[in-house]
Each structure stands twice: as structure tokens, then as C-alpha cells.
Amino acid sequence: MTYLSFSQLQAKLGNRSRSSVYRDLEAGRLPPPVKLGARLYWSEDAIDAAIADLYK
């Protein structure tokens with residue numbers, strides 16, 4: 001399983017702004033992050049699935 005940092009997540013989503021990514025998280029369009037240590041990471045598989053669901 002691969003995890004994405006916030007900057008990698010932004011790049012995968014087309015260089016979206018920080019506020020846009022957090023708006024998508026609050027709206028439930030993106031899966032919640034996993035906290036590893038002091039940082040947040042997102043499962044790349046979950047992000048890919050969320051993107052696929054948006055375009056169905």
C-alpha cells in the first residue's frame with residue numbers, strides 16, 4: 001500500500017490549493033487521512049477509488 005503526502009495528493013489532484021483539498025475532505029469527496037507520527041497521509045488506492053467514483 002502506498003501513502004501520499006499532502007503535496008503528493010495536491011499534485012495527483014491537479015495541483016489543487018490547500019483550501020480546495022480540505023473543502024473536498026469536509027464534503028466527503030475524498031477519504032480521510034491517516035495520521036502517521038505527526039503527519040497526515042492518504043492511501044493512494046483510496047484516492048484513486050474516490051477519483052473514479054467522481055467520474056462515474
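Where does Leu13 lie in this predicted model? Leu13 is found in the loop that runs between helix H1, residues 6-12, and helix H2, residues 18-27. When neighbours within four places in sequence are set aside, the residues in contact with Leu13 are Val21, Leu30 and Ile51. A separation along the chain can also be set beside a separation in space: Leu13 and Ile47 are 34 residues apart in sequence, and their C-alpha atoms are separated by 9.2 Å.

The next topic is charge. Side chains of opposite charge can pair when their charged atoms come close. How many salt bridges does the model contain? The count comes to 4. One of them joins Lys12 to Asp48, with 3.1 Å between the closest N and O atoms. Lys12 belongs to helix H1 and Asp48 to helix H3, which spans residues 44-54, so this pair ties together parts of the chain that are 36 residues apart in sequence. Is Lys12 buried, exposed or partly exposed? Its relative accessibility is 34%, so Lys12 counts as partly exposed. Asp48 is also described as partly exposed, and its relative accessible area is 34%.

Two further salt bridges involve Asp24, a residue of helix H2. In one, the side chain of Arg16 meets that of Asp24 at 3.3 Å, taken from N to O. A polar contact of 3.3 Å likewise joins the side chains of these residues, Asp24 and Arg16. In the other, Arg29 meets Asp24 with an N to O distance of 2.9 Å. Which class of exposure does Asp24 fall into, buried or exposed? Asp24 has a relative accessible area of 8%, and residues under 20% are classed as buried, so Asp24 is buried. Its two salt-bridge partners can be looked at in turn. Arg16 is partly exposed at 32% relative accessibility, and Arg29 is partly exposed at 39%. Salt bridges with shared partners also join Lys12, Glu44 and Asp48 into one network. Apart from neighbours within four places in sequence, Asp24 is in contact with Arg16, Arg29 and Leu30. Leu30 thus appears in the contact list of Asp24 and in that of Leu13.

Attention now turns to the strands. Strands of a sheet pair through backbone hydrogen bonds, either parallel or antiparallel. In what order do the 3 strands of the open sheet stand? The order is S1-S3-S2, and the pairing is antiparallel. S1 and strand S2, residues 34-36, are the edge strands, each of which pairs on one side only. Between S1 and strand S3, residues 39-43, there are 2 bridges, again in the antiparallel sense. Tyr3 has Ser43 in S3 as its bridge partner. On the other pairing, S2 is joined to S3 by 3 bridges, and these strands run antiparallel. Here Lys35 stands opposite Leu40 in S3. S2 and S3 also form a hairpin, with 2 residues between the strands. Which residue in the turn has a positive phi? That residue is Gly37, with a phi of about 70 degrees.

The surface offers another view of the model. Which residues make the nonpolar surface patch of about 390 Å²? The patch is made by Met1, Tyr3, Val34 and Leu36. Met1 is placed in the segment before strand S1, residues 3-4. Its relative accessibility of 71% can be compared with the cut-off of over 50%, so Met1 counts as exposed. Tyr3, another member of the patch, is the residue already met as the bridge partner of Ser43.

The last residue to consider is Lys56, whose place is in the segment after H3. Lys56 is exposed, with a relative accessible area of 81%. How far apart are the C-alpha atoms of Lys56 and Asp45? The separation is 17 Å, for residues that are 11 residues apart along the chain.

Notes:
Residues numbered from 1 in each chain as written. Predicted model: local features only at pLDDT ≥ 70, side-chain atom pairs only at ≥ 80, totals over all residues. Heavy atoms only, no water. Helix = DSSP H or I, 4+ residues; strand = E, 2+ residues; numbered from the N terminus. Contact = heavy atoms within 4.5 Å. Buried < 20%, exposed > 50% of the residue type's maximum accessible area, 1.4 Å probe, protein only. Polar contact = N/O pair within 3.5 Å; in protein donor to acceptor, adjacent residues only side chain to side chain. Patch = residues over 30% accessible without salt bridge, like charges linked within 9 Å, V, L, I, M, F, W, Y side chains within 5 Å. Areas by Shrake-Rupley, 256 points an atom, 1.4 Å probe, with all protein chains shown as cover. Pairing = 2+ DSSP bridges.
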